[in-house]
Amino acid sequence: MVYLDAASTEPLHSAAREALLAALDSGWADPARLYGPARRAQMLLEQARADVAEVLGARPDEVAFTSSGTQAVHLGVLGTLNGRRRTGRHLVAGAVEHSSVLHTAEVHEHEGGTVRIVGVGRTGRVDAEAFAEAVSVPGTALACLQTANHEVGTLQPVDEVAAACQEAGVPLLVDAAQSVGRLPLPRGWSVLTASAHKWGGPAGVGVLAVRKGTRWRSPYPQDERERRRVPGFENVPAIVAAAAALRARVAEEEAEGPRLSALVNRIRTEVPRLVPDVEVVGDPLQRLPHIVTFSCLYVEGEALLAELDRAGFAVSSGSSCTASTLRPSHVLEAMGVLTHGNVRVSLPRGVSEGDVDRFLAVLPDIVRRIRASLGVH
Amino acid sequence: MWRRRSGAGKSEPEEQWSEPRAEAREPAALTIDALGRKCPIPIIMLADQINQVPMGAVVEVLADDPAAVTDIPAWCRLKSHAHVGSVEIPQGGWSIQVRRNY
């Protein structure tokens, strides 16, 4: 099986595996206690925090570990809205944010808050000017923007939006899930969220960073863990492994990022050449190094995934027939691009050139056969 | 989750979604009933039949797969036909109008 779905989850980095096994032995005790094994666990936890903080451009005491990227988003959005309740209850977010952001916005609206969703252009990039205008509305408590889109790879204008937020005095939550460990991070965030399994760490570790001076109040009952930001006993071994994966990933990225990006370029160029009636979506240049998405006219996404799976390729799709909701991806909808016959290819670390070549070799005939089965020739 | 209903900012891709405007509706030269059919079938039906109407005439596709609302305008853009507009229909679903350009 050739795994081309790194944007869903990156396979565990070898550095994370080693660190995890070691920390299961040395970091199991309660880091909040005062005996030897507890102090050892606390030391490991704080070292991991310092390492992750350095990569994020944060102070260690601004960084808390959550149980997932989604939980980090929920806490980041709800906690900041809570902390800013006296300022107002207006929330601004991009139209192609991760569903965890949009579902939280839905809850906020349900509870009497107001929400403005800022649209995107054809490439999936949010309109920075419209976003700036939206955050200047009095009573805006929080704005949310991802660093890059998880389905089409397009980078968002975070620096411009951060400047506008600063001018308006509005905190900006940046969902960096797809870019941590892969691209330099923007500096202008008030709250930043990420997820370790996207960079090669284990599942079950998210990151919530809240800049000093940002008002934040937990939406949960009081709990002493993680500086009262995240409830529950920390998974120290997994956090240690997540930090080890991130260190390793950042060290490799200078070589691996451009290599993956060149392979993505090859897919972007070759797919429309090899397969008729294909639309490659997302920004061709301002994009993540590892994600490429395209849609094939007259092809059912589900059939395409099944055939690719049979041929030994793991990819994902934003087509409605592949979604549990039977709705097409809100990202593709907001961009106004084809939603059927959609394939997202996302390259994991270490994927070989030969794997990409083989994918490009099998794709045209698979598409042709599915079209023929629907009477399209 | 937020869908097209609240995305009507100025950066919305043009013609992605048109509010019902009586004056913009034209009598269709051909109506394709794709109700109950899943994408990509409504688009395959449209591609198959659009050449049955004269140049400049309007084809109307009735569809209830939400994907069609995005995909038919996208097909028009890719195939250089014109998306005239989309309106909801009383029986559920949408009427999506396309003008044959060539």
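**View 1. Strands β9(A) and β10(A) side by side.** In this predicted model, β9(A) pairs with strand β10 (residues 291–296) of chain A in the antiparallel sense, over four bridges. To get your bearings, look for A:V278: its bridge partner in β10(A) is A:C296.

**View 2. The sheet that holds this pair.** Step back a little and you'll see an open sheet of three strands, running in the order β9-β10-β12 (chain A), with antiparallel pairing. The edges belong to β9 (278–281) and β12 (342–346) of chain A; each has a single partner strand, so one side of each is left without a neighbour in the sheet. Direction ignored, neighbouring strands here are turned by 25° against each other on average.

**View 3. Helix α1 meets helix α8 in chain A.** Two packed helices are described by the angle between their axes and the distance between the axes. Here the axes of α1 (residues 14–26) and α8 (residues 236–274) of chain A come within 8 Å and cross at roughly 150°. Since angles over 145 degrees count as roughly antiparallel, that label therefore fits α1(A) and α8(A). As for handedness, the crossing of these two helices is right-handed.

**View 4. Zooming in on the α1(A)–α8(A) contact.** Which residues do the touching? From α1(A) come A:A15, A:A16, A:A19, A:L20, A:A23 and A:L24, and they meet A:P237, A:A238, A:V240, A:A241, A:A244, A:A245 and A:A248 in α8(A). Sort the contact of α1(A) with α8(A) by class and you get 13 nonpolar residues, with no polar and no charged ones.

Terms used: Residues numbered from 1 in each chain as written. Chains lettered and ligands numbered in written order. Predicted model: local features only at pLDDT ≥ 70, side-chain atom pairs only at ≥ 80, totals over all residues. Heavy atoms only, no water. Axes fitted to C-alpha atoms, helices over the stretch in contact; angles between N-to-C directions. Parallel < 35°, antiparallel > 145°, perpendicular 65-115°, else oblique. Left-handed = near helix turned anticlockwise from the far one by under 90°. Contact = heavy atoms within 4.5 Å. Nonpolar A, V, L, I, M, F, W, Y, C, P; charged D, E, K, R; others polar. Pairing = 2+ DSSP bridges.
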